[in-house]
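Here are my notes from going through this one, written as separate points. Have the viewer open while you read.

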Amino acid sequence: MKTKVTILSERPSGKWESFPLVVKFQEREFHFSAATPTSSDWIPTITEIGKKRLSCEFRFFSSQEAFVFERLHEMLNAYIPDLSIKVDPLLREFIKNAEKQNVLHLAAEVGLIPDSESPLSMDIMGRILQEKAVLPDGSPLLYIDPDLQVVITMTAENNELHIHVKNKGVLEKSKQEIIAKKIELGRRIARFDLRQEFEMKTYPDCKDEILAFLSYEYDPIEREKLWPLAFEEDFDEYWMLSPYFLLIGSGTHTSFFPYYATVHGQLRIVQKQMYHIEEGKYSAGMGYIQSAFIIESNRSLYGTAGEIFTPYQEEDEVVSGFVIGFPSIDIVFSA
């Protein structure tokens, strides 16, 4: 049913609880909002309960206000000290994707778009998440459907911390396969980085591997078509003159990932222009590649394990996330 929605330039004033966050621990529940004092006595309490229960659940409509990630970071650090710094880019990527899918469902519910698979401008999506899209009674569209929340669970088990991010949606097989390929690409780039730290190979010895990385996203014919539209230099000249290989040649190791990301981004821009791909259309982009790269390249910082898993369908929800090994193992000697 179509509902009249007004898009505003500013967030309207009202008595509703802005950007509410609920933190659950089985029988206990804590509520936060933009108005909740940051010095609240609840904050140390929720981290203590979370560690004791070995599990917790976060529910929220939007992460636009800083307090949402502040609470998430505090809980992550309660389980593993300083973990939030290491996994913040991953968590933000998963939450961004989850919020996007929820907003698409919300926009479809009120008739802003025909269905949840249709594109929605990033501007409108942002305004919905910031409470700037309102209903006739002046209340934010964001809160019209309680089921359209992002749900994050943290569970400690088997010396690992399992983090799952859930949102309303349907994950098509084709999209799942694309994401799986991006995750594998991120892992391979991380392993390449690790080897380069010790082998320091120059471009001619790495050319085949770089081509293999690009083949995850573009077949050879597509790559050759896009490349001259994105770069002035030909493929070999570009990489020979790349700061990455110039540094390697001088004996200085640096991460290859940013250099791959630059190439990926330029080719993606040309591809969007060539095929007139709408900005709001679903695309995992660099997010999953970067997330898998971070986990794989920092396993030693996390301990015994670290893995980002391919998102999967669970009833009417899509589940994404990762698992992190605790940095220490308790060894119990039996008599």
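**Notes on the model**

1. Let's begin with the hairpin. Tyr-312 sits opposite Val-319, the latter in strand E9. The two strands here, E8 (residues 306-314) and E9 (residues 317-325), run antiparallel and are paired over seven bridges. Two residues separate E8 from E9 in this hairpin, and Glu-315 in the turn has a positive phi of about 60°. Bear in mind that this is a predicted model, so that turn is a predicted one too.

2. Next, helix H10. Does its length add up, or what should 19 residues span at 1.5 Å a residue? The expected figure for H10 (residues 257-275) is 27 Å, and the end C-alpha atoms are 26 Å apart, so the two agree. Just after H10 comes His-276, with a positive phi near 55°.

3. H10 also has a buried side to look at. Its buried residues are Phe-257, Tyr-260, Val-263, His-264, Leu-267, Arg-268, Val-270 and Gln-271. An α-helix has 3.6 residues a turn, so residues three or four places apart point the same way. Which helices cover the buried residues of H10? The cover includes H5 (173-199), H6 (203-215), H7 (220-230), H8 (235-240) and H11 (287-297).

4. H5 has a residue of its own to check, Gln-196. Gln-196 has a relative accessible area of 1%, so it counts as buried. Setting aside residues up to four places away in sequence, Gln-196 touches Lys-201, Cys-206, Tyr-244, Phe-245, Ile-248 and His-253.

5. Please look at Arg-71 as well, which lies in helix H2 (residues 66-79). Is Arg-71 buried or exposed? Its relative accessibility is 4%, so Arg-71 is buried. Apart from neighbours within four places in sequence, Arg-71 is in contact with Leu-21, Phe-32, Ile-43, Ile-46 and Phe-58.

6. Last, the cavities. How many of 30 Å³ or more does the structure hold? There are two, and the second largest has about 60 Å³ of space. Its lining is made up of Phe-61, Glu-99, Asn-102, Val-103, Leu-106, Leu-129, Leu-142, Leu-148 and Val-150. By class, that lining has seven nonpolar residues, one polar and one charged. Helix H3 (residues 83-109) gives the most to the lining of this second largest cavity, namely four residues.

How values were computed. Residues numbered from 1 in each chain as written. Predicted model: local features only at pLDDT ≥ 70, side-chain atom pairs only at ≥ 80, totals over all residues. Heavy atoms only, no water. 1 Å grid on protein atoms, 1.4 Å probe; cavity = no way out; pocket = protein on both sides within 12 Å on 5 of 7 lines; lining within 4 Å. Points joined across faces, edges and corners; volume = space filled by probe spheres on them. Nonpolar A, V, L, I, M, F, W, Y, C, P; charged D, E, K, R; others polar. Expected span 1.5 Å × (residues − 1). Buried < 20%, exposed > 50% of the residue type's maximum accessible area, 1.4 Å probe, protein only. Contact = heavy atoms within 4.5 Å. Pairing = 2+ DSSP bridges.
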